[in-house]
Amino acid sequence: MSITENKIQVGSLEWFYRESSPIGRTDLLPVLLLHGLPSQSYSWRNFLPALAKQGTRAIAPDWIGFGFSSKPEKRDFAYTPDAFITALEEFLKSIELERFSLVVQGFLGSVGLQYALRHPEQIANIAILNTPISSQAKLPWKIQQMGLPLAGEMITQDPLLVDRTLEGGSRYVITDKDLDIYRKPFLKSSAAGRSLLATIRNLQLPSAMTEIESGFQKWQQQILILWGMIDPWLPLKIAQDFVNPLALGDLIKLNNVGHYPQEHYHETILEDLLPFVRVKDVS
């Protein structure tokens, strides 16, 4: 197996993505992993090798405006859910990803769920890790602050906002080695902060939650929810209310796990996630 870091130009936007490629032929569908705020594809670093080992190709992109992907000015990219969805659609066409399992986490992971509702023919199944999925979900004050007039411009230029947000949400310390990678885009250019600011101001969470709540009532594919129980921002009730009416939904509660489960509890999560996304390509 091999884990690669790639860049691809799609129109005016350059996408950075990490990919695991299993050695030899595989009959399993690939997996797309989408990160949340204010993270990047590096958050899936412990998932990619495990997926490759079981014979699953996995792709984890940095959203436009995040990580090492393009960070266009807001006049060139709207940073709304619709803009992210259109960009993702074009990215997936460019890498020829037609049908896949979808794994999402966090604020921005909700945009991945909106994409799924608009492109159900591409989705084999969905795994959700601590993602806003209900009108009960509110943007946490720690992230709201980053979008405030005047203050937001300053806060989003501070590379330490990554440390404070990731550690505050997960409730555990993250190693400096890992934080160095999360901070790097903010140290490299002020564009990272401007992109984060624009995203928070244009997340349109209430309308996104309405689309997700109503859309998944009719969803027919399997959904696995893996939920950190000590998430300071998204309570367990959000996951329970979402999964109860689903025809094919399961909820796994993760004790002592916060908002970013993949940071500290990948081994526990992979026990359930690996068999869930082990879906054969029947095309």
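## His35, helix packing and some unusual backbone spots

His35 touches Gln40, Ser41, Ser43, Trp44, Pro61, Asp62, Trp63, Phe66, Gln105, Leu108 and Gly109, leaving out residues up to four places away in sequence. This is a predicted model, so please read every value here as computed from it. His35 sits in the loop between β3 (31-34) and α1 (47-53). With a relative accessibility of 0%, His35 counts as buried, because buried means under 20%.

The loop that holds His35 is also home to Pro38, between β3 and α1. The peptide bond leading from Leu37 into Pro38 is cis, with omega near -15°. As general background, most peptide bonds are trans, and most residues other than glycine have a negative phi.

Two residues go against that second tendency. Glu96 is not a glycine, yet has a positive phi of about 60°. Glu96 lies in the loop between α2 and β5, and is exposed, with a relative accessible area of 65%. Gln204, also a residue other than glycine, has a positive phi near 50°. You will find Gln204 in the loop between α8 (191-201) and α9, where it is partly exposed at a relative accessible area of 39%.

Now to the helices, beginning with α3. How much of α3 is buried? Nine of its 10 residues are, so the helix is mostly covered. The buried residues are Gly109, Ser110, Val111, Gly112, Leu113, Gln114, Tyr115, Ala116 and Leu117. Gly109 also appears among the residues touched by His35. The elements covering the buried part of α3 include β3, α2, β5 (100-105), β6 and α9.

Two of these covering elements are helices, and each has its own crossing with α3. Here are the packed pairs side by side, with α6 and α7 added.

| Helix pair | Angle between axes | Axis separation | Handedness |
|---|---|---|---|
| α2 (81-94) and α3 (109-118) | roughly 65° | within 10 Å | right-handed |
| α3 and α9 | roughly 50° | within 10 Å | left-handed |
| α6 and α7 (176-188) | about 135° | 8 Å | right-handed |

With their crossing angle of roughly 65°, α2 and α3 are roughly perpendicular to each other, because angles from 65 to 115 degrees count that way. On the α2 side, the contact is made by Pro81, Asp82, Phe84, Ile85, Leu88, Glu89 and Leu92. The α3 side brings Val111, Gln114, Tyr115 and Arg118. Sorted by class, this contact has seven nonpolar, one polar and three charged residues.

The axes of α3 and α9 cross at roughly 50°, which makes α3 oblique to α9. Here α3 contributes Ser110, Leu113, Gln114, Leu117 and Arg118, while α9 contributes Ala208, Met209, Glu211, Ile212 and Gly215. By class, the contact of α3 with α9 has five nonpolar, three polar and two charged residues. Gln114 and Arg118 are named in the contact with α2 and again in the contact with α9.

Further along the chain, α6 and α7 pack at an angle of about 135°, and are therefore oblique to each other. Leu160, Leu161, Val162, Asp163, Leu166 and Glu167 of α6 meet Leu179, Tyr182, Arg183 and Phe186 of α7. That contact has seven nonpolar, no polar and three charged residues.

Helix α6 (residues 160-170) is also the place of Arg164. Is Arg164 buried, exposed or partly exposed? At 43% relative accessibility, Arg164 counts as partly exposed. Apart from its neighbours within four places in sequence, Arg164 is in contact with Lys142 and Asp158. Pro81, one of the α2 residues that meet α3, is 83 residues from Arg164 in sequence and 25 Å away in space, C-alpha to C-alpha.

One more helix rounds out the tour. In α10 (residues 236-243), Leu236, Ile238, Ala239, Phe242 and Val243 are buried. Which side of the helix do they take? They cover an arc of only 160° around the axis, which puts them on the same side of α10. Their packing partners are β6 (123-129), α9 (205-215), β7 (223-228) and β8 (249-254). Of these partners, β6 and α9 are also among the elements covering the buried residues of α3.

Definitions and conventions: Residues are numbered from 1 along each chain as its sequence is written. This is a predicted model: local features need pLDDT of at least 70, side-chain atom pairs count only at pLDDT 80 or more; totals for chains, interfaces and linings use all residues. Side-chain values use heavy atoms; hydrogens and water are left out. Axes are lines fitted to C-alpha atoms, for helices over the stretch in contact, and angles run from 0 to 180 degrees between N-to-C directions. Helices (H or I, at least four residues) and strands (E, at least two) are DSSP runs, numbered from the N terminus. Angles under 35 degrees count as roughly parallel, over 145 as roughly antiparallel, 65 to 115 as roughly perpendicular and the rest as oblique. A crossing is left-handed if the near helix is turned anticlockwise from the far one by less than a right angle, and right-handed if clockwise. Contact means heavy atoms within 4.5 Å. Ala, Val, Leu, Ile, Met, Phe, Trp, Tyr, Cys and Pro count as nonpolar, Asp, Glu, Lys and Arg as charged, and the others, Gly among them, as polar. Buried means under 20% relative accessible area, exposed over 50%, partly exposed in between (1.4 Å probe, protein chains only). The arc is that of the directions from the helix axis to the C-beta atoms.
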